[in-house]
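Please open the structure in a viewer that allows selection by residue number. The tour below moves from one selection to the next and describes what is found at each stop.

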Amino acid sequence: MGIPSRPSRLIPLALIGSLALAECDVVFGLGGAGAIRAQSQGSMNLRLRRGNAGVELVIEGVGAQPQLQQRMNGQVWEGSLQTRGAPGVRNGQVRLTDPVTGIQSATLVGSGSSYALKVTPSPGRPLKDPVVSADGRDLILQFSGLGVAPTLQTGRLNLNTPGRVPQAQYAPPLRPRAVAPPLGDMAVGTMVLQNRSYVNVSGPPVTLTLNNAPAKDALMALARLGGYGFVYVSDSAESGRDPDAVSTANSVSIAFQNETYSRALNGVLLAAGLQGKLDGKTLLVGSAVSAKTFGPQVSKVYRLNQASAASAADYLASLGASISKVNTTRLTSQETASTGTPANSTANVTASTSTLTSVETYGSAMGPLRGLSGTTDSRLQAITLVGDSRLVAVGESYLKQIDLRQRQVALSVQILDINLDNDSQISNSFAFRSGNAFIVSQSGQLLANYGAYKPPGSPEGGLPGTYAGAADTTPVSGTGSLSGGEPFKDEPQASFPLPGSSTTINGVPLGPYRPDFGTYDNPLQPGITESDDGKTSLSSPTRFRYPEDQFFDFLRASITSSSTKVLANPTLILQEGDEKSVGSDSGKISADGKIGREKSNEALVSVGSRLITGYSVKQDVNGNSFCEPTFDNAGLTFGARVEKIDDNGFVSFSLSPEISVAIGSQPAGNCGNVDIINSRTLDTGRVRVRDGQTLVLTGVISDTDVQAVSKWPILGDLPLIGQFFRSSTGDRSKRELVILVTPRIMNDRQGGRFGYGYKPSLPAAKQVMSGF
């Protein structure tokens, strides 16, 4: 069967028998349980089986290492299969059909080592490129998206036809399990260390049998046999012990028959737990002879670039080197002396300071650097190594591997604080007076008075209500409650509910007094308040009375919308590692003079105003109390800490942003006012982000919606005109804090966008930087 020449993909398959796929039986249409198999007398067959991800077409008997070229010819999948042997098929062709699963036909044609595959889907069932795999014997083509459609069931049963109710035979796929992140690369430094416990000697074959014999005597005999001198070096722990006890502790039991001289000698050393060293023709033996030599030693001084001398010394000490450090201890003592009489004595305190210097030597009891000595210099960050040339070379190799630059990362942070406010207010107030009826609608509140006077009991003077007889009130309905002056002495031009009283001034009878408000026709008509020798004093009324048969209306409506965003875009350059520094976390540089943070991998940005948020009452030395204010920042405070930058481009860091704003103030006793600050804080914990990817932190949302309605009964609920009898206010605010963090690892070899690789973008900055 020929295949048209089109671009194809070559898929080499490495067939591994241990990765065989498990076969599962599936129901296909009405054919019953089991898998569909095309039988033939050749060794290659076709079989269909259904899995969780789709339908699998299995070509059985392919053999090892087949090669498949595949392509899509319209909706038909075609493949060209090459096998290593000649498995063959019956009559040169195998064909199977199963439209229920979406396979209209699948054919295998060919002979020898060349075969052609063709899969035709059912109408309306699209076919995609299969996933090709093998298990060492069969070739599996997995077509996703195909399978048996679930059986449609209804609640109506046919009771006339006996038989069981068909059930859907479909098991839903399992949810994928949570998996760990993929493994990555890491920097590896490798060194090949010689076995220092092995002594390279030569001599005649050894046949020797010992049982609980002293190791020193056995080694001396072996050294004499090989023609070597022998020196036994005892350490400080053996110098004060009994010689018989030392010999018993180092006893050995061995048996050699024509063993090589070097293996026999090193076997005794191993059995006795001793070290040996060949210096010329002399064999040095002891519990710690690696640092003993007759020849010269090498001393080297290394000035470290990145690692501190103290950390490098501790690292070498853990590998067996003997490190000496100078420790300085400062002691302070005080002496108290009393002068004067016992009744009136004065205590004098004298302080003295002394310095105690001691040298401390430490190191591991085992390791490849046993016998190497070293010391440090904190001023130059240098370390000095003294010992055998080979040991010094090994220690130098370790120093080169740890004296590396710590990685740096530039954290580009964008902080967006969004504030959305939408306030709406609409209210209508009106009043009208007709005869003795005075009705007022004030912001949806009904106030009505019927009669010439107010009922008793209300402090309100001008609005309808009850009369309390209090100051600045009046029993007259429709009059204001402003502070009144002297009553008017002239007779009003119209009648008032409050009659005036007659009076006599300078023997002349005058008209009745009237209250200090105008007439019905002119509410602002002035009146005579004083008359002296024919001179009268006029004054405007201090009370106001609404006239009759008039309507007054006041409408107020407003919608206020505001949106505010605070955008900060700081860039922090941090270094990995949590080494302690001399900085301070509690105060600013202007307060304590310390530069930086207490840990080298932390940074802090604080922008805003310092506001008083509290007071603490304290006393001075004289017992006087005073208020000490406590300040907090109103603005942006952002802290970051870098934990780790690995070799795979991932950055682990922690963030603590805080945005605060002053929303008011309140008194704090006799100390003064304190500001009320609304703050939003987010602590991320430890997160891991790849270099160049952006982490979006959001969800710090504050949403407030307040609706208030005041209305007349019944009339306030009417459509359209009900708005004149009610007052409504709405206040909606939404605040959201969005933080975007992008780490970019700095490339120290080729420069970068930050630090020394900075390129200004603004024209003014370019002009300034051009002079450097």
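Select strand 32 and strand 33 (residues 650-667): the two pair in the antiparallel sense over nine bridges. Strands pair, in the sense used here, if DSSP finds at least two bridges between them. Strands (E, at least two residues) and helices (H or I, at least four residues) are DSSP runs, numbered from the N terminus. Within this pairing, Gly639 stands opposite Ser656 of strand 33. Next, centre on the turn: strand 32 and strand 33 form a hairpin with four residues between them, and Gly649 in the turn has a positive phi of about 85 degrees.

The model is predicted, so local features need pLDDT of at least 70 and side-chain atom pairs count only at pLDDT 80 or more, while totals for chains, interfaces and linings use all residues. Residues are numbered from 1 along each chain as its sequence is written, and side-chain values use heavy atoms, with hydrogens and water left out.

Extend the selection to strand 31 (residues 602-619), which pairs with strand 32 (residues 625-645) in the antiparallel sense over 17 bridges. Here Val607 has Leu636 of strand 32 as its bridge partner. The hairpin of strand 31 and strand 32 has five residues between the strands, and Gly623 takes a positive phi near 85 degrees.

Move now to an open sheet of three strands, with the order 13-16-15 and mixed pairing. Strand 13 (229-233) and strand 15 (275-279) are at the edges with a single partner strand each, so one side of each has no neighbour in the sheet. From one strand to the next, the twist averages 20 degrees. Strand 15 pairs with strand 16 (residues 282-286) in the antiparallel sense over five bridges; Leu278 has Leu283 of strand 16 as its bridge partner. Add helix 1 (residues 215-226), which packs on the sheet and touches strand 13 and strand 16, its direction making about 155 degrees with that of strand 13.

Keep helix 1 and select helix 4 (residues 261-272): their axes come within 10 Å and cross at roughly 165 degrees. Axes are lines fitted to C-alpha atoms, for helices over the stretch in contact, and angles run from 0 to 180 degrees between N-to-C directions. Helix 1 and helix 4 are therefore roughly antiparallel to each other. Angles under 35 degrees count as roughly parallel, over 145 as roughly antiparallel, 65 to 115 as roughly perpendicular and the rest as oblique. Residues in contact (heavy atoms within 4.5 Å) include Leu219 and Leu222 in helix 1 and Leu265 and Val268 in helix 4. The contact has twelve nonpolar, one polar and no charged residues. Ala, Val, Leu, Ile, Met, Phe, Trp, Tyr, Cys and Pro count as nonpolar, Asp, Glu, Lys and Arg as charged, and the others, Gly among them, as polar.

A second helix pair follows. The axes of helix 5 (residues 309-318) and helix 6 (residues 389-402) come within 11 Å and cross at roughly 130 degrees, which makes helix 5 oblique to helix 6. Display Ala312, Tyr315 and Leu316 of helix 5 with Gly395, Tyr398, Leu399 and Ile402 of helix 6, which make the contact. These residues divide into six nonpolar, one polar and no charged.

Finally, turn to the aromatic rings: a search of the whole structure finds six aromatic pairs. Rings of Phe, Tyr and Trp (its six-membered ring) pair if their centres lie within 6.5 Å; planes under 30 degrees apart count as stacked, over 60 as edge-to-face and the rest as tilted. Select Trp77 and Phe143, whose ring centres are 5.9 Å apart with planes at 80 degrees, so the pair is edge-to-face. Trp77 belongs to strand 6 (residues 76-82) and Phe143 to strand 11 (residues 139-144), so the pair ties together parts that are 66 residues apart in sequence.
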